[in-house]
Amino acid sequence: MKISKDAEGVRVRMGSIEADTLSSLVADLANALQPGCLDAADPVYQRLFPDGYRDNPEAAAAFRVLTEDSLLTERRERAMRCLAELSEAATGAKKLDVHLGPDAAQRWIQVLNDMRLAVGTRLGVTEDHDGYGFDPKDPEAMSWSIYAYLTGVQDSVVRAL
């Protein structure tokens, strides 16, 4: 994948296999954000939708009632728009280009971050253990690789902006 600044904002160039992989990851996020798919007790759900008031459970519950549905819908719609952009760029060629204006690039950054948060939460990523230098024989090596990949893509889009 090559991510660079262009006249419109950001150009993302990738091979079709990488585009399929990224599309699959974004689709997984969009599916997880369907109503009722993630339980409120799920650590990923709690990471994506933290309490608005940590010291006041009653205020946190009231805040959640007011904001939860719209936040879930916004996240899902962002992921779906990224999927559409990947699909539009897929012409059957071996390489595809996705051109992102500033707003679209910002949306991609948010979606990439949501995916990183979800994968990182499942892996137990902390400031002390950021996922780099993992053992390739670790049963979770693929998840660690995905986390590192998403981090690199997000960083590249940010730098290109």
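**Pocket, cavity, salt bridges and strands**

In this predicted model, the largest pocket is lined by 16 residues, and those nearest its centre are Asp 28, Leu 29, Met 115, Ala 118 and Val 119. Its volume comes out at about 280 Å³. Four helices each put at least two residues into the lining of this pocket: H1 (16-32), H2 (43-48), H4 (102-123) and H5 (141-160). H4 is the main contributor to the pocket lining, giving five residues. Sorted by class, the lining of the largest pocket has 13 nonpolar residues, one polar residue and two charged ones.

Next comes the enclosed space. The count gives one cavity of 30 Å³ or more, and the volume of the largest cavity is about 30 Å³. Its walls are made by Leu 22, Val 26, Cys 82, Trp 108, Val 111, Leu 112 and Met 115. Here H1 and H4 each supply at least two lining residues, with H4 again giving the most, this time four. The class tally for the cavity lining is simple: seven nonpolar, no polar and no charged residues. Met 115 turns up in both places, as one of the residues nearest the centre of the largest pocket and as part of the lining of the largest cavity.

Now for the charged pairs. Side chains of opposite charge can pair when their charged atoms come close. The model has seven salt bridges by the count used here. One of them brings together the side chains of Asp 97 and Arg 11, at 3.2 Å from N to O. Asp 97 sits in strand S3 (residues 95-100) and Arg 11 in strand S2 (residues 9-15), so this salt bridge ties together parts that are 86 residues apart in sequence. As for accessibility, Asp 97 is partly exposed, its relative accessible area being 26%, and Arg 11 also counts as partly exposed, at 25%.

A second salt bridge links the side chains of Arg 107 and Glu 85, with an N to O distance of 2.9 Å. Arg 107 belongs to helix H4 and Glu 85 to helix H3 (residues 57-89), so the pair ties together parts that are 22 residues apart in sequence. Both partners, Arg 107 and Glu 85, are buried. Since H4 also gives the most residues to the linings of the largest pocket and the largest cavity, this helix keeps coming up.

A third salt bridge stays inside one helix. Arg 159 pairs with Asp 155, and their closest N and O atoms are 2.8 Å apart. The two residues are four places apart in helix H5, a separation of about one helical turn. Arg 159 is exposed, with a relative accessible area of 66%, while Asp 155 is partly exposed at 35%. Elsewhere, salt bridges with shared partners join Arg 11, Arg 13 and Asp 97 into one network.

That network leads back to the strands. Strand S1 (residues 2-6) pairs with S2 in the antiparallel sense over five bridges, and the two form a hairpin with two residues between them. Within this pairing, Asp 6 stands opposite Gly 9 in S2. S2 also pairs with S3, again in the antiparallel sense, over six bridges. There, Met 14 has Leu 96 in S3 as its bridge partner. Five of the seven residues of S2 are buried, so this strand is largely enclosed by the rest of the structure.

Gly 15 is another residue of S2. At 18% relative accessibility, Gly 15 counts as buried, because the cut-off is under 20%. Leaving aside residues up to four places away in sequence, Gly 15 touches Lys 94 and Lys 95. Gly 101, by contrast, is 21 Å from Gly 15 in space, C-alpha to C-alpha, with 86 residues of sequence separation.

Note on methods. Residues are numbered from 1 along each chain as its sequence is written. This is a predicted model: local features need pLDDT of at least 70, side-chain atom pairs count only at pLDDT 80 or more; totals for chains, interfaces and linings use all residues. Side-chain values use heavy atoms; hydrogens and water are left out. On a 1 Å grid over the protein atoms alone, a cavity is a set of points where a 1.4 Å probe fits but cannot get out, and a pocket is an open set with protein on both sides within 12 Å along at least five of seven lines; lining residues have an atom within 4 Å of a point. Grid points are joined across faces, edges and corners, and a volume is the space filled by probe spheres set on the points. Ala, Val, Leu, Ile, Met, Phe, Trp, Tyr, Cys and Pro count as nonpolar, Asp, Glu, Lys and Arg as charged, and the others, Gly among them, as polar. A salt bridge is a side-chain nitrogen of Lys or Arg within 4 Å of a carboxyl oxygen of Asp or Glu. Buried means under 20% relative accessible area, exposed over 50%, partly exposed in between (1.4 Å probe, protein chains only). Contact means heavy atoms within 4.5 Å. Two strands pair if DSSP finds at least two bridges between them.
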